[in-house]
Amino acid sequence: AHDEILRLANLLGDAESEKEAAFEAMDEMRKKMEEAEASLRRYEKLGAGAKAQLSTRHTDNGDGSGDNSRLGGSIKEDTDAGPVSTEESRTNLEYLKNVMLSYLKANTMAERKALVPVLASVLDLTPDEAHEAMENAEAMSGLKGVGASFFESLGSTAHSLM
């Protein structure tokens with residue numbers, strides 16, 4: 001009876017180990033799927049913007065016909081949001097530029113940390129990428145980040161004086 005209990009305990013341990021490995025594999029696949037979906041969204045945005053720019057540039061063939069046959073007819077977009085116009089692309093790029101400038105010009109780490117979720121949204125970061133960006137912003141606000149910035153600044157000042 002004792003041997004049977006040990007055998008069953010070993011089987012249970014093996015099953016638990018396999019279950020844990022399956023959960024880890026599932027979590028890894030989830031992360032890969034999120035990264036792939038984020039990449040797809042970025043490519044769709046970039047592709048839609050590029051197609052809209054091509055459409056605007058090539059609508060007139062130089063003969064005044066307004067035909068865009070060189071592009072294979074009308075441009076269609078399969079994204080959920082529909083086609084992105086050139087104006088929308090410019091607006092999105094302008095918004096990204098302004099957010100990045102705000103981040104770079106931020107006077108406090110609290111301001112930078114507040115902009116990380118905005119950047120994550122604009123750049124379609126995965127939850128893991130957004131978490132990593134926030135951790136990096138928090139690490140830079142710590143003593144190690146401040147010390148590194150101080151010594152880097154000190155080194156540049158010394159270099160410019162030479």
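The chain has five helices and zero strands. This is a predicted model. Colour the chain by secondary structure and follow the sequence: the pattern reads α-α-α-α-α.

Stay with the whole chain for a moment. Of its 162 residues, 14% are buried. Show the surface next: the chain exposes about 12,300 Å², and carbon and sulfur atoms supply 59% of that area. Among contacts with a separation of 6 or more, 49% are between residues 24 or more positions apart.

**Stop 1: helix H1**

Select residues 2-58, which form helix H1. Show the side chains of Glu 4 and Arg 7, which meet in a salt bridge with an N to O distance of 2.6 Å. The two residues are three apart in H1, about one turn of the helix. Glu 4 counts as partly exposed because its relative accessibility is 38%. Arg 7, at 43%, is also classed as partly exposed.

Move along H1 to Asp 27. Which residues pair with Asp 27? One is Arg 30, with the closest N and O atoms 2.7 Å apart. Arg 30 and Asp 27 are three residues apart in H1, again about one turn of the helix. The other is Lys 31, where the closest N and O atoms are 3.8 Å apart. That distance still qualifies because the cut-off for a salt bridge is 4 Å. Asp 27 and Lys 31 are four residues apart in H1, so about one helical turn separates them. Add Glu 34 to the selection: salt bridges that share partners join Asp 27, Arg 30, Lys 31 and Glu 34 into one network.

How accessible are Asp 27, Arg 30 and Lys 31? Asp 27 has a relative accessibility of 32% and is partly exposed. Arg 30 is partly exposed at 34%, and Lys 31 is partly exposed at 28%. In total the structure holds five salt bridges.

**Stop 2: helix H2**

Select residues 86-105, helix H2. H2 has 20 residues and spans 28 Å from its first C-alpha to its last, close to the 28 Å expected at 1.5 Å a residue. Now pick out its buried residues: Thr 86, Ser 89, Val 99 and Tyr 103. They cover an arc of only 155 degrees around the axis, and therefore sit on the same side of H2. Turn the helix to its other side, where Glu 87, Arg 90 and Lys 105 are exposed.

Switch to a surface view and select Met 100, Leu 101 and Leu 104. These residues make a nonpolar surface patch of about 250 Å². Leu 104 lies in H2 and counts as exposed because its relative accessibility is 54%, where the cut-off is over 50%.

**Stop 3: the loop between H3 and H4**

Go to the loop between helix H3 (109-122) and helix H4 (127-141), and select Thr 126. Is Thr 126 buried or exposed? Thr 126 is buried, with a relative accessible area of 3%. Which residues does Thr 126 contact, leaving aside its neighbours within four places in sequence? Show Glu 34, Glu 35 and Ala 38 to see these contacts. Glu 34 also belongs to the salt-bridge network visited in H1.

Finish on Asp 124, in the loop between H3 and H4. Most residues other than glycine have a negative phi. Asp 124 is not a glycine, yet has a positive phi of about 55 degrees. Asp 124 counts as buried because its relative accessibility is 12%.

How values were computed
Residues numbered from 1 in each chain as written. Predicted model: local features only at pLDDT ≥ 70, side-chain atom pairs only at ≥ 80, totals over all residues. Heavy atoms only, no water. Patch = residues over 30% accessible without salt bridge, like charges linked within 9 Å, V, L, I, M, F, W, Y side chains within 5 Å. Areas by Shrake-Rupley, 256 points an atom, 1.4 Å probe, with all protein chains shown as cover. Buried < 20%, exposed > 50% of the residue type's maximum accessible area, 1.4 Å probe, protein only. Contact = heavy atoms within 4.5 Å. Expected span 1.5 Å × (residues − 1). Arc of directions from axis to C-beta.
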